[in-house]
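Reader: I'd love a close look at how the helices pack against one another in this protein. Could you take me through the pairings, and say what sort of residues make the contacts?

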Amino acid sequence: MALNQAVAVSMRDGPEAALGLIDDILANGDLADYHLAHAARGEFCRRLGRTAEAREAYERALALARQEPERRFLEKRIQELGG
């Protein structure tokens, strides 16, 4: 539920407001092994131009993802970041 709230906040208030919520969620540890939490963090960082943080979050999400379509999406995002 907290992850959904963070995504909703990003739509309403922008990625910076949502990034704080995601960081709190991950620091709490409840979703630390949930790939979508890391993918959301990657997306918010990407939108903010924080490329290194975005790459790190996407790579963590990729390491946790099990479904091939999700893995392909995350690999594409990482490639789009360049470098």
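Author: Happy to! Going from the N terminus, the elements of the protein run α-α-α-α-α. That gives five helices and zero strands. Please keep in mind that this is a predicted model. Its mean pLDDT is 95, and 99% of the residues reach 70 or more. Confidence is highest in H4, at a mean of 98, and lowest in H1, at 94; both of these helices appear in the pairings below.

A word on the overall frame before the close-up. The C-alpha trace spans about 25 × 25 × 20 Å along its principal axes. For 83 residues, a compact globule would have a radius of gyration near 12 Å, and the protein agrees with that because its own value is 12 Å.

Let's start with the pairing of H4 and H5. Helix H4 covers residues 51-64 and helix H5 covers residues 68-80; the two pack with their axes 9 Å apart, at an angle of about 160°. Since angles over 145 degrees count as roughly antiparallel, H4 is therefore roughly antiparallel to H5. Their crossing is left-handed. On the H4 side, the contact is made by Arg55, Tyr58, Glu59, Ala61 and Leu62, while H5 brings Arg71, Leu74, Glu75, Arg77 and Ile78. Sorted by class, the residues of this contact divide into five nonpolar and five charged, with no polar ones. The charged residues come from both helices, with Arg55 and Glu59 on H4 and Arg71, Glu75 and Arg77 on H5.

Now for the pairing of H1 and H3. Helix H1 spans residues 2-13 and helix H3 spans residues 35-47; their axes come within 11 Å and cross at roughly 15°. An angle under 35 degrees counts as roughly parallel, so H1 and H3 are roughly parallel to each other. The crossing of H1 and H3 is left-handed. Here H1 contributes Leu3, Ala6, Val7 and Ser10 to the contact, and H3 contributes Leu36, Ala37, Ala40, Phe44 and Arg47. By class, that contact has seven nonpolar residues, one polar and one charged. The polar residue is Ser10 of H1, and the charged one is Arg47 of H3.

Putting the two side by side, H4 and H5 are roughly antiparallel, whereas H1 and H3 are roughly parallel. The contact of H4 with H5 is split between five nonpolar and five charged residues, while the contact of H1 with H3 has seven nonpolar residues and one charged.

Technical notes: Residues are numbered from 1 along each chain as its sequence is written. This is a predicted model: local features need pLDDT of at least 70, side-chain atom pairs count only at pLDDT 80 or more; totals for chains, interfaces and linings use all residues. Side-chain values use heavy atoms; hydrogens and water are left out. Axes are lines fitted to C-alpha atoms, for helices over the stretch in contact, and angles run from 0 to 180 degrees between N-to-C directions. Helices (H or I, at least four residues) and strands (E, at least two) are DSSP runs, numbered from the N terminus. Angles under 35 degrees count as roughly parallel, over 145 as roughly antiparallel, 65 to 115 as roughly perpendicular and the rest as oblique. A crossing is left-handed if the near helix is turned anticlockwise from the far one by less than a right angle, and right-handed if clockwise. Contact means heavy atoms within 4.5 Å. pLDDT is the predictor's confidence in each residue, from 0 to 100. The radius of gyration is taken over C-alpha atoms; the globule rule is 2.2 Å times the number of residues to the power 0.38.
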